[in-house]
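User: Please take a close look at a single strand of this structure and describe its surroundings. I should like a connected account that begins with the strand and then moves outward to the rest of the model.

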Amino acid sequence: MERELRVIISGGGTGGHIFPAVSIANAVKALRPDAKILFIGAEGRMEMQRVPAAGYDIKGLPIRGFFRPLWKPANIGVAIDYLKSKWLAKKILRDFKPQVAVGVGGYASSAALGAANSLGIPTLLQEQNSYAGLANKTLASKAKKICVAYEGMERFFPGQKIMLTGNPVRQQLLDSSISHDDAVHSLGFDPQKKTVLIVGGSLGARTLNESVLAHLDQIKDSGVQFVWQTGKYYSAEISERMKGHDIPNLKITDFISDMAAAYKAADLVVSRAGAGSISEFCLLGKAVILVPSPNVAEDHQTKNALALVNKQAALYVKDSEAAKLLLPMAIDTVKDDAKLQSLSTNILKMALPDSAEIIAKEVIKLSE
């Protein structure tokens, strides 16, 4: 009889870290239903709600990011919290007794996997971006395996540890069987007309929103249908600014609960360039215009976008140029069937399916 499998998974801070972490946990459970899985996150961050909602236990650490520049006096408190977090993480690991620890990036993983390394527990890292995050770069030398989503990651990690697996994505997107026409109907639109989906993440993206607001007349006269997800943060402001504008071919929503249907309806997607979103576009074969956020560490979204652009698998607009260029480009692109087909074909070639299961098998292997 196999011994009980016990796994620690750590990381978070953003949905981009949490979705893969939960997907890996689900895949481990599918392969080994007996597995006990415990998450370690950062107190006050998104994972403290999202992980329990997915059915897993989580312990929080008082860890947070350093302020820039590093010589700021406030970083003394951050350093003390890091040391406290590492001590707490060691205590959690000694109590839980995992055979393996998984890090998906984010503050918490630096303390939790650092503690695992010091206790001799094998570690696996999962790096979502084409430009490795600080936590994973510092943990790489002691990791047994590093699962990545992009080629060329040898510049960050020891080559012999790297495994190209892709990013685990939300399974419900791949499992949806809704047809294109039904998906368009569900939005109250005409399946005979082209549809553009503009999505800025759950909180929204100011640049994408301002780009839409700057071209309302062009949208109205375009003959194209637009679904505009503003994000909850901007919802009230946009309702106010849209007063007096009657645009039947523009559907405005603060949040999309059924992303599978929204993606299926869209002939073209406009999005930020987070690693998780890009993995979804690859697996679904979506034609996409990427507008990388400039407000992320190491400008990694631009690097994610260019990895696709260089293979003619996506279009790209700089954040600073989006207000002027984005909507005209979206309208021209969605009317060009040959361009849509070519983008879709090329991005599908970059898809790496079954990522969560492949990573889960490596996790189980490391535990043996």
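The request concerns strand E8, and the reply follows it outward to the core, the neighbouring helices, the other sheet and the enclosed spaces.

User: Is strand E8 (residues 195-199) enclosed or open, and which residues do the surrounding parts contribute?

Analyst: The model is a predicted one. In strand E8 (residues 195-199), 5 of the 5 residues are buried, so the strand is largely enclosed by the rest of the structure. Its side chains are divided between two directions: Thr-195, Leu-197 and Val-199 point one way, while Val-196 and Ile-198 point the other way, and all are buried.

E8 has pairing partners in E9 and E11. Strand E9 (residues 225-229) runs parallel to E8 and is joined to it by 5 bridges; within this pairing, Val-199 stands opposite Gln-229. Strand E11 (residues 268-271) also pairs with E8 in the parallel sense, over 4 bridges, and there Leu-197 has Val-269 as its bridge partner.

This last pair leads into the nonpolar interior. The largest nonpolar core has 61 residues, and Leu-197 and Val-269 are among those that touch the most other members, together with Met-153, Phe-157, Leu-290 and Leu-308. Leaving aside residues up to four places away in sequence, Val-269 touches Leu-197, Val-199, Tyr-263, Phe-281, Lys-286, Ala-287, Val-288 and Ile-289. Another core lies apart from the largest one; it has 31 residues, including Phe-226, Leu-315, Ala-322 and Leu-343. As a general background, nonpolar side chains in soluble globular proteins tend to be buried together.

Leu-308, named above for its contacts in the largest core, belongs to helix H13 (residues 300-309), where the buried residues are His-300, Gln-301, Thr-302, Asn-304, Ala-305 and Leu-308. These buried residues pack against helix H12 (275-284), strand E12 (288-290), strand E13 (315-316) and helix H15 (337-348).

Elsewhere in the model there is an open sheet of 7 strands, in the order E3-E2-E1-E4-E5-E6-E7 and with parallel pairing. Strand E3 (57-61) and strand E7 (162-164) stand at its edges with a single partner strand each, so one side of each lacks a neighbour in the sheet. Neighbouring strands of this sheet are turned against each other by 25 degrees on average, direction ignored. Within the sheet, strand E5 (residues 123-127) pairs with strand E6 (residues 145-148) in the parallel sense over 4 bridges, and Leu-124 has Lys-145 in E6 as its bridge partner. Helix H16 (residues 355-367) packs on the sheet and touches E1, E4, E5, E6 and E7; its direction makes about 165 degrees with that of E5.

Asn-117 lies in helix H4 (residues 107-118). Its relative accessibility is 18%, and it therefore counts as buried. Not counting residues up to four places away in sequence, Asn-117 touches Thr-123, Leu-139 and Lys-142.

Finally, the enclosed and open spaces. The whole structure holds 2 cavities of 30 Å³ or more, and the largest has a volume of about 40 Å³. E1, helix H1 (15-31) and helix H2 (47-53) each supply at least two residues of the lining of the largest cavity, and H1 gives the most, with 3 residues. The second largest pocket has a volume of about 550 Å³. Among its 25 lining residues, Ser-23, Asn-26, Val-169, Arg-170 and Gln-171 are the closest to its centre. H1 gives the most to this lining as well, with 8 residues.

Conventions. Residues numbered from 1 in each chain as written. Predicted model: local features only at pLDDT ≥ 70, side-chain atom pairs only at ≥ 80, totals over all residues. Heavy atoms only, no water. Pairing = 2+ DSSP bridges. Axes fitted to C-alpha atoms, helices over the stretch in contact; angles between N-to-C directions. Contact = heavy atoms within 4.5 Å. Core = buried A, V, L, I, M, F, W, Y, C linked by side-chain atoms within 4.5 Å. Buried < 20%, exposed > 50% of the residue type's maximum accessible area, 1.4 Å probe, protein only. 1 Å grid on protein atoms, 1.4 Å probe; cavity = no way out; pocket = protein on both sides within 12 Å on 5 of 7 lines; lining within 4 Å. Points joined across faces, edges and corners; volume = space filled by probe spheres on them.
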